[in-house]
Amino acid sequence: MKTRILFIIPVLLFVLSSCVMTPLDGTQLGEGDDIVTVGTPHIDGGCLFGDGTDTYPMDVVSNTVDTSELGEYRIDYAITIAGVTHTCVRIVKVVDDVPPSASLKPGVDTVIVGGTHTDAGITVSDNHDDNPSVDIRSDVDTSKAGTYEIVYVVTDLSGNRTVVTRTVTVLDPL
Ligand SMILES: [Ca+2]
């Protein structure tokens, strides 16, 4: 039993010592969201300064982040220790990475050969772009019976894309 305890203690000490972090010497950005979706809150991970012995959270001296607008922003941190000021910078990008929403408007999508198909279109919206572009590709041919597609490709200003498809059936008359 005594032998086992004597064996466990060094193992425990080894495990504990490997968990102790090296004291921070210099500045280190904390983990945070440096890429933020426009319109959502930004979480600032802060910045730490260590003098090799102690670690201190740095003060935010300037924060230009505006999550309502796309762009690149910066946060400046500083701390003065023993008369020396240390600084740290974080760059934050606000992006639109959310694709537009698109849904088919209800319409009459079954027609008789020789009839007219009227595309009811789609409804679109986006988290940031008020007017996403809509590219419509249609192979509908009402002169021939068959199943056709109208493909709507909706793209916002940041290039996020959503595709919806309408199926149109052209029937032979009975
Ligand atoms: Ca978007």
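**Exercise 1.** Identify the bridge partner of G26 in strand 3 and place the pair in its strand arrangement.

*Solution.* Step 1: G26 has G50 as its bridge partner in strand 3; strands here are DSSP runs of E with at least two residues, numbered from the N terminus. Step 2: The model is a predicted one, in which local features need pLDDT of at least 70, side-chain atom pairs count only at pLDDT 80 or more, and totals for chains, interfaces and linings use all residues. Residue numbers start from 1 along each chain as its sequence is written. Step 3: Strand 1 (residues 25-29) pairs with strand 3 in the antiparallel sense over five bridges, where pairing requires that DSSP finds at least two bridges between two strands. Step 4: G50 also has a bridge partner in strand 4, namely T55. Strands 3 and 4 (the latter residues 55-57) are antiparallel and share three bridges. Step 5: Three residues lie between the strands of this hairpin, and G52 takes a positive phi near 95° there.

**Exercise 2.** Determine which residues form the largest nonpolar core and which strand gives the most to it.

*Solution.* Step 1: A nonpolar core is a set of buried Ala, Val, Leu, Ile, Met, Phe, Trp, Tyr and Cys residues joined through C-beta atoms within 7 Å. Buried means that 20 or more other C-beta atoms lie within 10 Å of the residue's own, with C-beta atoms placed from the backbone. Step 2: The largest core has nine residues, C47, F49, M58, V65, I75, Y77, C88, V92 and V94. Step 3: Strand 3 (47-51), strand 6 (71-81) and strand 7 (84-95) each give two or more residues, and strand 7 gives the most, with three. Step 4: Beyond its neighbours within four places in sequence, C47 is in contact (C-beta atoms, placed from the backbone, within 7 Å) with residues including M58, Y77 and C88.

**Exercise 3.** Establish the strand order of the open four-stranded sheet and explain why strands 9 and 11 each have one side without a neighbour.

*Solution.* Step 1: The order is 9-13-12-11, with mixed pairing. Step 2: Strand 9 (110-112) and strand 11 (133-138) are at the edges with a single partner strand each, so one side of each lacks a neighbour in the sheet. Step 3: Strand 9 pairs with strand 13 in the parallel sense over three bridges, and I112 has L171 as its bridge partner. Step 4: Strand 12 (residues 146-155) and strand 13 (residues 161-171) run antiparallel, joined by ten bridges; G146 stands opposite V170.

Conventions: Buried ≥ 20, exposed ≤ 12 C-beta atoms within 10 Å, placed from the backbone. Contact = placed C-beta atoms within 7 Å.
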